[in-house]
Amino acid sequence: MLRVIFGGSPAASAKCLELILKDSAMSSSMPEEEYKIVGILTNPPSAQGRHKELIPTDVEQYVHIWNDARGDDIKVFTPEHIKQEERDQLAQLKPDIFVCFAYGHILGPKFFSLFKFGGINLHPSLLPKYRGATPINQCILNQDKTSGYSVQKMALGVDEGDILTQIEFGLTGTETAEQLLKQAALYGGSSITSLLRTISKTGQLPAGRPQSGEPSYCTTIKKEDGKINWNEAASVIDAKIRAYTPWPGCYTSANGVQLRLVKASDANKVASQDNTVPKNTSAAPGTVIEYNKQRGILIQTGDGVLIATELQWQSKKAMDYKSFMNGARTFIGTVLE
């Protein structure tokens, strides 16, 4: 039986882990393909909310649910840094392979020496494109027409390992980062389960292929990146809103009050089917020009019109555009900053 340690932290990692755990339970009916998650590496609990309550990661929360429901005893490790003490604890589990999706830690040779087959990583891009921590966000920001995911052998260089599986798919230009991350978790998780069964059956890690092409790298995302610059084109602002969902979100200011645009789209995407929506006007960038009851709230940008369909005042709940306008009847004509 192949013994696996899984590393991950956010909700998408938990979804991927759920898929792997369910398949591992089914693999027990086929001893030649059996594998088992014996340990979890995830980030420490983080302080959240007004009272700064320590909340475990989504991965840790799911493992506790699984253990309680199944009577399993999957060990959970939440180190800030992996040192000798943590490596000794992991070694006691006699792991064969490390599986990683959005763990977010740099891992060294001492760590990988714990595993007979080293590590494999699910990376949501078509490597070597978008190496780094924010590939999905970068893909949306660049308005790419295609995306995909890669399952790679883990190497000491960040995202430089050989490719074991790579899947490409088209994009519609409406996807958010949250949606694409969930998609990578589900489809990539399925690829990982097949790979783990193969390793268990053959007793070896399949040969990968070296990455080909010129590598590119992700930018670091900061909270202030969510501030909308109305001088930019509607297509750019549309992409940023989708790329920064759910974090850091995109926001502006209306008469000194922060306003978040939760959902919006470039008017060009609907203007060809609906001639009531203007593609552009002569209004100053940031001007709220119209309330279209069928489409949303129209805002002029530096090039083109943005249609906002879900908005959120600071410290308030998000609202659809119709509910928003019921409480903001003088909003039309406002110049957002």
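**A colleague's note on rings, strands and overall build**

1. Let's start with the aromatic side chains: the count comes to nine aromatic pairs. Please keep in mind while reading that this is a predicted model. One of the pairs joins Tyr62 and Trp66, with 6.5 Å from centre to centre and 40° between the planes, a tilted arrangement. Both belong to helix H2 (residues 58-70), and because they are four residues apart there, about one helical turn separates them. As for their surroundings, Tyr62 is buried, and Trp66 is buried as well.

2. Another pair worth a look is Trp313 with Phe324. Their ring centres are 5.4 Å apart and the planes meet at 25°, so this pair is stacked. It links distant parts of the chain: Trp313 lies in strand E14 and Phe324 in helix H9 (residues 321-326), 11 residues apart. Is Phe324 buried or exposed? With a relative accessibility of 1%, Phe324 counts as buried. Trp313, at 22%, counts as partly exposed, since the buried class stops under 20%.

3. You may also like to find the cluster that ring pairs build from Phe98, Phe111, Phe112 and Phe115.

4. Now for strand E13 (residues 296-300). Five of its five residues are buried, so the rest of the structure largely encloses this strand. On one side, E13 runs antiparallel to strand E12 (residues 288-292), and four bridges join the two. Within this pairing, Val288 has Ile299 of E13 as its bridge partner. The two strands form a hairpin, with three residues between them.

5. E13 has a second partner, strand E14 (residues 305-313), which it meets in the antiparallel sense over four bridges. Here Ile299 stands opposite Leu306 of E14. E13 and E14 also form a hairpin, this time with four residues between them, and Gly304 in the turn has a positive phi of about 105°. Strand E14 is also where Trp313 of the stacked pair is found.

6. Stepping back to the whole protein chain, you will find nine helices and 15 strands. The C-alpha trace spans about 65 × 50 × 35 Å along its principal axes. Of the chain's 337 residues, 47% count as buried. Among contacts with a separation of 6 or more, 66% involve residues 24 or more positions apart.

7. Finally, the surface and the charges. The protein chain exposes about 16,600 Å², of which carbon and sulfur atoms supply 49%. There are 36 positive and 35 negative charges, and their mean positions are 3 Å apart.

Methods. Residues are numbered from 1 along each chain as its sequence is written. This is a predicted model: local features need pLDDT of at least 70, side-chain atom pairs count only at pLDDT 80 or more; totals for chains, interfaces and linings use all residues. Side-chain values use heavy atoms; hydrogens and water are left out. Buried means under 20% relative accessible area, exposed over 50%, partly exposed in between (1.4 Å probe, protein chains only). Contact means heavy atoms within 4.5 Å. Accessible areas come from the Shrake-Rupley method with a 1.4 Å probe; for residues, only the protein chains shown count as cover. Lys and Arg count as positive and Asp and Glu as negative; His and the chain ends are not counted. The place of a charge is taken as NZ of Lys, CZ of Arg, CG of Asp or CD of Glu. Two strands pair if DSSP finds at least two bridges between them. Rings of Phe, Tyr and Trp (its six-membered ring) pair if their centres lie within 6.5 Å; planes under 30 degrees apart count as stacked, over 60 as edge-to-face and the rest as tilted.
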